[in-house]
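Trainee: Got a minute? I'd like to go through this model with you.
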Amino acid sequence: MAAADTAQDNKPISVVIAGRPYPIRVAEAEEEGLRALVKEINDRFNDFQIKYRDRDKQDCLVMTLLTYASELRSAREQADPGSDAELTQRLAKLNDLVEGML
């Protein structure tokens, strides 16, 4: 299937991260996992906002994304075929989500 066909198969949804809505397209089979990931991102973001009250939202969002980027890098460095597949998959979804926002 061509990339254009795949993009058309994705359904448009809106996710809210750090209080801002982001429209993205996602395969129906991945929507639940993506929404769980968005909740996890918002939970970490909120933790940073509580911990660093003197920082603005952008700083807390960047700290959140850096945390995930660090986890992704560690997972890639330590990954061997079949190990930690769930974490790698969740981090890959996060990476796709971030790329979709840029």
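Trainee: Which residues touch the most other members of the largest nonpolar core?
Mentor: V15, I17, I41 and L97, out of 21 residues in that core. A nonpolar core here is a set of buried Ala, Val, Leu, Ile, Met, Phe, Trp, Tyr and Cys residues joined through side-chain atoms within 4.5 Å. Buried means under 20% relative accessible area, exposed over 50%, partly exposed in between (1.4 Å probe, protein chains only).
Trainee: Any caveats?
Mentor: This is a predicted model, where local features need pLDDT of at least 70 and side-chain atom pairs count only at pLDDT 80 or more, while totals for chains, interfaces and linings use all residues. Residues are numbered from 1 along each chain as its sequence is written, and side-chain values use heavy atoms, leaving out hydrogens and water.
Trainee: Which element gives the core its largest share?
Mentor: α2, with 6 residues. Helices (H or I, at least four residues) and strands (E, at least two) are DSSP runs, numbered from the N terminus.
Trainee: Which residues of α2 are buried?
Mentor: E31, L34, L37, V38, I41, N42, F45 and F48. They line one face of the helix, because down its axis they fall within an arc of 140 degrees, taken from the directions from the helix axis to the C-beta atoms.
Trainee: And what's exposed on the face turned away?
Mentor: E32, K39, D47, I50 and K51.
Trainee: Switching topic, how many bridges join β1 to β2?
Mentor: 7, and the two strands run antiparallel. S14 has P23 in β2 as its bridge partner. The strands form a hairpin with 2 residues between them, and A18 in the turn has a positive phi of about 55 degrees.

Note on methods
Two strands pair if DSSP finds at least two bridges between them.
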